[in-house]
Amino acid sequence: MSTFHNVCSVPSSLWLTGIPGLETLHIWLSIPFGSMYLVAVVGNITILAVVRVERSLHQPMYFFLCMLAVIDLVLSTSTIPKLLAIFWFGAGHIGLDACLCQMFLIHCFATVESGIFLAMAFDRYVAICNPLRHSMVLTHTLVGRLGLAAVLRGVLYIGPLPLMIRLRLPLYKTRVISHSYCEHMAVVALTCGDSRVNNVYGLSIGFLVLILDSAAIAASYVMIFRAVMGLATPEARLKTLGTCGSHICAILIFYVPIAVSSLIHRFGHQVPPPIHTLLANFYLLIPPILNPIVYAVRTKQIRDRLLQILKTGTKIR
């Protein structure tokens with residue numbers, strides 16, 4: 001690897017170290033990371049294929065699930081192939097513009113995913129609290145508009161981040177990013193100059209997305225639980241709550257790792273760098289891996305369709 005000097009300059013490229021402190025284990029770390037990425041890709045593509053061919057799944061909840069699958073594919077594919085290239089070939093070189101593009105994709109689609117979870121919470125609220133109007137309220141048009149709104153919000157929130165770095169902080173004191181991908185704060189830490197505006201903006205976006213979205217989702221589930229508790233029998237309550245189980249699991253899978261990683265990055269200064277970087281990678285891999293599994297296991301229609309496909313494949317063989 002080239003030697004980089006601690007002098008402020010305008011670089012055309014940066015260098016990703018992978019997992020700092022664990023460079024000697026990179027080839028071994030590539031095995032679990034490569035396996036997890038393969039599972040994530042196969043799982044999410046399977047969900048997309050099943051919903052596409054099974055007409056009974058052409059409902060708002062499954063359309064939102066397809067949006068999640070696409071987002072998870074983008075999140076994992078924007079980081080893991082580059083990480084595996086670092087592990088296998090030491091290919092840490094990345095152009096500055098490519099780095100800022102990767103940063104935008106990661107943070108933008110994480111924001112979009114949060115918006116989709118919020119839309120799914122609204123879908124569950126209408127389905128349980130006002131079931132007779134569900135099909136009239138959650139039309140295919142509204143589902144598409146909610147998805148588009150989530151994407152536009154992600155672009156508007158995250159678009160300024162790479163622009164602020166490119167325009168306000170063009171000078172870098174080092175080209176080495178002690179991380180496996182171009183995370184916003186990891187890149188800002190390399191720059192010369194006053195980065196307080198970037199830090200405040202990043203914290204504000206984190207608050208808007210993580211705190212407000214989770215609060216809105218929690219409020220919707222408070223109303224859902226109140227409606228469920230009003231049902232006549234325990235069996236009806238359990239059956240109704242069962243329809244929310246997959247969504248609740250997916251929410252926890254998404255918000256808990258990202259909250260832990262964000263808190264450690266900003267306040268966990270005693271946490272060793274390898275642990276922080278591993279957690280940052282896992283929060284981009286865990287949802288893409290577990291979301292398809294959760295929905296396949298807990299959703300009868302998807303589970304039955306998958307079993308039917310497997311049985312058909314076995315008979316053909």
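**Group meeting: contacts, cores and cavities in a predicted model**

Leaving out neighbours within four places in sequence, valine 143 touches Pro60, Phe63, Phe64, Met67 and Leu138. I start there, and I should say at once that this is a predicted model. Valine 143 belongs to helix α6, which covers residues 140-158. Its relative accessibility is 2%, and because buried means under 20%, valine 143 counts as buried. For a sense of distance, take arginine 226: its C-alpha atom is 25 Å from that of valine 143, with the two positions 83 residues apart along the chain.

Next, the annotation. An unreviewed UniProt entry places the feature "transmembrane region" at residues 25-50, 62-91, 103-122, 142-165, 205-228, 240-258 and 278-297. I checked two of those spans against the model. Residues 25-50 are 96% helix and 0% strand, and the C-alpha atoms at the two ends are 38 Å apart. Residues 278-297 are 100% helix and 0% strand, with 27 Å between the end C-alpha atoms.

Now the packing. How many residues does the largest nonpolar core have? The number is 46, and the residues with the most contacts inside this core are Ile116, Phe117 and Ile302. Two or more of the core residues come from each of α1 (26-53), α2 (60-77), α4 (96-129), α6, α9 (196-229), α10 (234-267) and α11 (273-298). The largest share is from α4, with ten residues. A second core, separate from that one, has 16 residues, among them Ile86, Met103, Tyr172 and Ile177.

Back to isoleucine 302. Beyond its neighbours within four places in sequence, isoleucine 302 contacts Ile47, Val50, Leu57, Tyr62, Leu65, Tyr295 and Ala296. The last of these, alanine 296, sits in helix α11. Its relative accessibility is 16%, so alanine 296 counts as buried. With the same exclusion of neighbours within four places, alanine 296 contacts Ile302, Arg303 and Leu306. Threonine 46 is 250 residues away from alanine 296 along the chain, yet their C-alpha atoms are separated by 9.7 Å.

Another residue of α11 is isoleucine 286. Is isoleucine 286 buried or partly exposed? At 29% relative accessibility, isoleucine 286 counts as partly exposed. Isoleucine 286 and serine 76 are 210 residues apart in sequence, and from C-alpha to C-alpha they are 9.5 Å apart.

On to a short helix, α3, at residues 80-89. Why can α3 be called largely enclosed by the rest of the structure? Because seven of its ten residues are buried. Those seven are Ile80, Lys82, Leu83, Leu84, Ala85, Ile86 and Phe87. The list contains a lysine, Lys82, and also Ile86, which is part of the second core. The cover over the buried residues of α3 includes β1 (13-16), α1, α2, β2 (93-95), α4 and α11. After α3 comes glycine 90, with a positive phi near 65°.

Last, the empty space. The structure has one cavity of 30 Å³ or more. The largest cavity holds about 50 Å³. Its lining consists of Asp72, Leu75, Ala110, Glu113, Phe254, Ile258, Tyr283, Leu284, Pro287 and Pro288. By class, that lining has eight nonpolar residues, no polar ones and two charged ones. At least two lining residues come from each of α2, α4, α10 and α11, and α11 gives the largest share, four residues.

The second largest pocket has about 480 Å³ of space. Its lining has 21 residues, and those nearest the centre are Met61, Tyr62, Arg124, Thr243 and Gln301. Tyr62 has come up already, as a contact of isoleucine 302. Two or more residues of the pocket lining come from each of α2, α4, α9, α10 and α12 (300-316). Which helix supplies the largest share of that lining? That is α10, with five residues. The lining divides into eight nonpolar, eight polar and five charged residues.

To recap the two linings: the largest cavity has no polar residues in its lining, whereas eight polar residues line the second largest pocket. That is what I have for today.

Conventions
Residues are numbered from 1 along each chain as its sequence is written. This is a predicted model: local features need pLDDT of at least 70, side-chain atom pairs count only at pLDDT 80 or more; totals for chains, interfaces and linings use all residues. Side-chain values use heavy atoms; hydrogens and water are left out. Buried means under 20% relative accessible area, exposed over 50%, partly exposed in between (1.4 Å probe, protein chains only). Contact means heavy atoms within 4.5 Å. UniProt positions are given in the numbering used here, feature names are shortened, and annotations may be inferred rather than shown by experiment. A nonpolar core is a set of buried Ala, Val, Leu, Ile, Met, Phe, Trp, Tyr and Cys residues joined through side-chain atoms within 4.5 Å. On a 1 Å grid over the protein atoms alone, a cavity is a set of points where a 1.4 Å probe fits but cannot get out, and a pocket is an open set with protein on both sides within 12 Å along at least five of seven lines; lining residues have an atom within 4 Å of a point. Grid points are joined across faces, edges and corners, and a volume is the space filled by probe spheres set on the points. Ala, Val, Leu, Ile, Met, Phe, Trp, Tyr, Cys and Pro count as nonpolar, Asp, Glu, Lys and Arg as charged, and the others, Gly among them, as polar.
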